[in-house]
Amino acid sequence: MKNKKSTLRQLNDWLHLWLGLVSGLVVFIVSITGCIYVYHDEIERALGSEPWKYVEVQNKEYIPPSVVLETAMAQMPDSKPTGLTYANRDGAAAVGFSSFTDGKRSFTAVFVNPYTGEFIKKQKFLGKDHFNFFRFILDGHRALWLPYDIGRPIVGVCTLIFLFLLVSGLIMWWPKNLKKSNLNKSFKIKWKGTFKRVNYDLHNVLGFYSLLLAFVIAVTGLVWSFEWFEDGLYYVTSAGDSKPGHHHPHSDTTQIDTATDSVSVLDLAWYKVMAEEKNQMAGMYMTPLMEDPDDAIEIIAYQDEGSWFNRNIYYYDQYTLERFRVQGDRFDEANFADQLDMLNLDLHMGSALGLTGKTIAFFISLICGSLPITGLIVWLNKKKAPGKKKKASKASKKGKLEIRENLEEQLV
């Protein structure tokens with residue numbers, strides 16, 4: 001006789017089933033789109049679909065930001081630049097321009113040769129006239145192709161449910177005892193079994209092996225879905241500290257009379273960063289124009305190609321070029337909570353470990369996408385079982401009745 005499950009275990013199994021059915025479609029879409037998106041840089045580069053992002057490497061220094069801006073603004077004379085980037089040695093520099101048309105945000109990037117200042121291409125994103133496959137995939141991943149204010153909360157709630165499903169699934173998976181048969185069922189897929197058995201093992205065993213990394217991917221995704229979750233995660237990982245908001249030092253406005261042209265002072269700050277980095281950075285980002293009189297110049301130098309967490313952030317007074325230091329402006333000097341915050345995107349995509357990490361993230365996302373399908377099949381198979389049992393029971397009763405009738409005939 002089988003041991004009857006406790007009330008808590010029955011509740012856990014019931015919640016795992018019905019929450020899985022409710023969130024299954026969203027988890028499938030988010031997982032598969034994440035799986036596709038993880039290699040987007042490598043795929044685009046291999047296909048050569050966006051050749052304007054790359055230039056021929058030259059044995060010379062980059063041109064300063066003022067020259068890049070001059071070229072870009074000639075292409076967008078009525079717009080204000082919002083960001084300027086340098087890539088690695090074979091990447092184009094780019095200047096971004098954001099605008100709103102009919103209440104909709106659009107973004108245009110102007111690509112410039114960082115060695116010569118030559119204009120390469122102007123590309124519009126997020127507009128009706130431009131379709132990008134990986135942008136389409138990313139929109140599905142973030143908001144299910146719905147308006148972001150609708151889709152993102154849905155994704156966030158279903159990701160929270162998915163976290164619970166990982167925990168409740170572990171409780172259901174846990175072997176009842178250490179017999180070899182139970183361990184084999186928990187740790188191995190019986191490929192020679194029936195379809196029903198193989199499907200069950202794919203859900204049960206792969207779910208267990210992917211659990212920890214799936215948990216990391218889900219948690220790092222939730223950081224973008226809910227501000228309260230981001231703040232709570234920082235509070236826990238910092239042992240009780242509140243997460244500081246985005247902050248940077250302020251320029252000394254009493255020195256405003258000594259100011260030089262904002263573009264020229266950006267060049268001077270850029271030269272300082274280049275000298276300190278010794279031209280070894282893998283990319284760079286800066287805000288090209290100061291919005292307010294007390295804004296500080298901010299330049300971010302990324303240290304590793306293909307990832308974002310290892311970065312050096314430089315702040316300078318826009319009037320005196322005094323260097324400021326703030327908490328978290330160096331990854332290797334930041335505390336644990338700030339390091340996790342910097343790592344969030346790269347942990348989510350696997351890029352913290354380079355191509356190996358992306359490959360791991362790819363397969364974990366693929367498994368996560370399969371879990372709602374295999375789980376649904378497990379449930380459907382269980383729904384059929386009682387019907388068969390009932391049918392078999394009726395057949396048994398019918399057989400017994402026939403035997404009884406035959407005996408009565410013989411007695412008569």
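User: What makes the link between Asn-132 and Phe-134 at the start of H4 a polar contact?
Analyst: A side-chain oxygen of Asn-132 comes to within 3.0 Å of the backbone nitrogen of Phe-134. That fits the term (N or O atoms within 3.5 Å, one able to donate a hydrogen and the other to accept it; sequence neighbours count only through side-chain atoms on both sides). Bear in mind that this is a predicted model, where local features need pLDDT of at least 70, side-chain atom pairs need 80 or more, and totals for chains, interfaces and linings use all residues. Numbering runs from 1 along each chain as its sequence is written, and side-chain values use heavy atoms, without hydrogens and water.

User: Which residues of H4 are called buried, and what covers them?
Analyst: Phe-134, Ile-137, Leu-138, Gly-140, His-141 and Ala-143 are, so each has under 20% relative accessible area (1.4 Å probe, protein chains only). Their cover includes H1, H2, H5 and H10. Right after H4 sits Leu-144, with a positive phi near 60°.

User: Why does Trp-270 count as part of a nonpolar core?
Analyst: Trp-270 is one of the 36 residues in the largest one, and among those touching the most other members. A nonpolar core is a set of buried Ala, Val, Leu, Ile, Met, Phe, Trp, Tyr and Cys residues joined through side-chain atoms within 4.5 Å, so Trp-270 qualifies as a buried Trp joined that way. H9 brings the largest share of this core, 6 residues. Beyond four places in sequence, Trp-270 touches Tyr-62, Ile-63, Pro-64, Pro-65, Tyr-86, Met-284, Met-286 and Ile-299, with contact meaning heavy atoms within 4.5 Å.

Methods
Buried < 20%, exposed > 50% of the residue type's maximum accessible area, 1.4 Å probe, protein only. Helix = DSSP H or I, 4+ residues; strand = E, 2+ residues; numbered from the N terminus.
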